[in-house]
Amino acid sequence: MFLESDIKLGFSDVLIRPKRSNLKSRSQVDLQRHFKFLHSRHEWTGVPVIAANMDTTGTFEVADRLASHEMLTAIHKHYSIAEWDAYLASRNDDIYPRIMVSTGTSEADFEKVSAILGKHPKLEFICIDVANGYAESFVEFVAKMREAYAEKTIVAGNVVTGEMVEELLLSGADIVKVGIGPGSVCTTRVKAGVGYPQLSAVIECADAAHGLGGRIISDGGCTCPGDVAKAFGGGADFVMLGGMFAGHDECGGQLLERGGRQFKLFYGMSSTTAMDKHAGGVASYRASEGKTVEVPYRGPIDETVRDVLGGVRSACTYVGASALKELTKRTTFIRVQEQENRIFG
C-alpha cells in the first residue's frame with residue numbers, strides 16, 4: 001500500500017481567476033483548433049468538443065447537428081455495418097472529419113471496425129474505448145490497430161495518469177481519453193473505489209501527452225459550460241460530453257412522460273440497462289458500474305451547443321484569450337469552497 005497525500009482537484013474545487021483583457025466582445029474569440037496528429041499525421045481543424053460514444057448521445061442524428069457547428073461525435077459501437085452504410089451513403093465528404101468509429105477490444109470488435117473502415121476508407125478516426133485502459137491487453141490492441149491502420153487517427157482510453165498516457169501514445173495512440181469515474185451516470189468510484197479527480201487528471205495527463213506530441217480528451221465530469229472551460233484551461237485538447245448532451249431530440253433513449261413533463265432515459269454504458277440491451281445482461285463475474293436516470297426532455301441540441309460554446313467564449317474573454325488555444329496559457333486556477341449562490345436553486 002502507498003498513500004499519495006497531495007491534494008487532487010475536480011472542477012468544483014476551483015474557479016478561473018479573471019485577468020486584464022483587451023477583447024471587446026465574445027464574438028472575437030476563435031474556438032477552432034488546428035492539430036496535426038502524432039502518428040497518423042492527419043491535420044484536423046474544428047471546435048474540439050465531442051459527443052460521447054454512449055448509445056444515447058453518440059448517435060448519427062447528434063453527429064449531423066454537431067458537424068454543423070464543426071464539432072465531433074464519437075459514434076457508439078452498437079450500430080450495425082448496414083446502418084453505417086445507410087448513414088454514410090446519404091452524407092457528403094464533410095462528415096468524415098467530424099465522426100469517430102468506436103470499438104471495443106475483442107476479436108469481433110476488430111473485425112467489425114475493419115469491415116466499416118474497409119467499406120468507408122474516408123473515415124479518419126478510430127476510438128478504442130474501454131473502462132479500464134490499464135490492462136496490458138488494451139495496450140496490445142492499440143498497437144495492433146496502429147499496425148493495421150497506420151494512416152488513421154487513433155483515440156484510446158480511458159486512463160487518468162501520465163505514465164499510462166505515455167505508454168498508449170508510444171504504442172500507437174494519437175489521442176488519449178482521460179477520465180475514470182467522473183461521469184454523471186458512472187458508478188465506478190462507488191463500486192470499485194477507483195478513480196481520480198478530473199481536473200488533476202487532465203492537468204497531469206496533458207503535461208505527459210504534450211511532451212510526446214500527443215493529445216488528450218477530457219472525458220466526463222462536466223456539469224455546466226464553466227466546467228468545459230476549466231477542462232480546456234487545464235490543458236485538455238478536446239472535451240467529451242455525455243450528460244450535458246443527453247435528453248435532446250437527436251439523442252437515443254426512450255421518451256417518457258410523468259406528471260405532465262417529458263423525460264428521456266440516459267444511462268452509463270456499464271449500467272444494467274446498457275448490458276441488458278447489448279450484452280444479454282450483466283455477466284456473473286461483474287457488477288453494474290453505471291446508473292440509469294431520467295433526464296428532462298430538452299428539445300433540439302443546438303441550443304445546448306450554443307450555451308456550451310458561449311460559456312467557453314465568455315471564459316476566454318475574462319482572461320484575455322482571443323483564441324481557445326491561448327486559454328490554458330492564460331488560466332490561473334484558484335481553489336475555492338463555493339462555486340455559486342444557490343439560494344434560488
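**Exercise 1. Is threonine 57 buried or exposed, and which residues surround it?**

Solution. The structure is a predicted model, in which local features need pLDDT of at least 70 and side-chain atom pairs count only at pLDDT 80 or more, whereas totals for chains, interfaces and linings use all residues. Residues are numbered from 1 along each chain as its sequence is written, and side-chain values use heavy atoms, with hydrogens and water left out.

Step 1 places the residue: threonine 57 is found in the loop between S4 and helix H1 (60-67), where helices (H or I, at least four residues) and strands (E, at least two) are DSSP runs numbered from the N terminus. Step 2 takes the accessibility: threonine 57 has a relative accessible area of 0% and is therefore buried, the term buried meaning under 20% relative accessible area, exposed over 50%, and partly exposed in between, with a 1.4 Å probe and protein chains only. Step 3 lists the neighbours, a contact being heavy atoms within 4.5 Å: leaving aside residues up to four places away in sequence, threonine 57 touches Ala51, Ala52, Val62, Thr73, Gly242, Phe245, Ala246 and Phe266.

**Exercise 2. Describe the barrel, and the helices H7 and H8 that pack on the sheet.**

Solution. Step 1 follows the strand order: 8 strands close into a barrel as S4-S5-S6-S7-S8-S9-S10-S11, with parallel pairing, where two strands pair if DSSP finds at least two bridges between them. Neighbouring strands of this sheet are turned against each other by 25° on average, direction ignored; axes are lines fitted to C-alpha atoms, for helices over the stretch in contact, and angles run from 0 to 180 degrees between N-to-C directions.

Step 2 looks at one pair: strand S5 (residues 72-75) and strand S6 (residues 99-103) run parallel and are joined by 3 bridges, and alanine 74 has methionine 100 in S6 as its bridge partner. Step 3 adds the helices: helix H7 (residues 198-212) packs on the sheet, touching strand S9 (175-178) and strand S10 (215-219), and its direction makes about 170° with that of S10. Helix H8 (residues 225-233) also packs on the sheet, where it touches strand S4 (49-51), S10 and strand S11 (238-241), its direction making about 150° with that of S11.

**Exercise 3. Work out how H4 and H5 are arranged, and which residues meet.**

Solution. Step 1 is geometric: the axes of helix H4 (residues 136-148) and helix H5 (residues 162-171) come within 8 Å and cross at roughly 30°. That makes H4 roughly parallel to H5, since angles under 35 degrees count as roughly parallel, over 145 as roughly antiparallel, 65 to 115 as roughly perpendicular and the rest as oblique. Step 2 names the residues: Phe138, Val139, Val142, Ala143 and Arg146 in H4 meet Met164, Glu167, Leu168 and Ser171 in H5. Step 3 sorts them by class, giving 6 nonpolar, 1 polar and 2 charged residues in the contact of H4 with H5; here Ala, Val, Leu, Ile, Met, Phe, Trp, Tyr, Cys and Pro count as nonpolar, Asp, Glu, Lys and Arg as charged, and the others, Gly among them, as polar.

**Exercise 4. Compare the surroundings of the salt bridges of aspartate 174 and aspartate 227.**

Solution. Step 1 fixes the criterion: a salt bridge is a side-chain nitrogen of Lys or Arg within 4 Å of a carboxyl oxygen of Asp or Glu, and a search of the whole structure finds 16 salt bridges. Step 2 treats aspartate 174, which forms a salt bridge with arginine 146, the closest N and O atoms being 2.5 Å apart. Aspartate 174 lies in the loop between H5 and S9 and arginine 146 in helix H4, so the pair ties together parts that are 28 residues apart in sequence. Aspartate 174 counts as buried at 0% relative accessibility, and arginine 146 counts as buried at 12%.

Step 3 turns to aspartate 227, whose side chain meets that of lysine 230 in a salt bridge at 3.9 Å, N to O. Both residues lie in helix H8, 3 residues apart, about one turn of the helix, and both aspartate 227 and lysine 230 are buried.

**Exercise 5. Lay out the open sheet.**

Solution. Step 1 gives the order: an open sheet of 3 strands runs S12-S13-S14 with antiparallel pairing. Step 2 finds the edges, strand S12 (255-258) and strand S14 (292-296), each of which pairs on one side only. Step 3 adds that the twist averages 40° from one strand to the next. Step 4 examines S12 and strand S13 (residues 261-267), which pair over 4 bridges in the antiparallel sense, with lysine 264 in S13 as the bridge partner of leucine 255.
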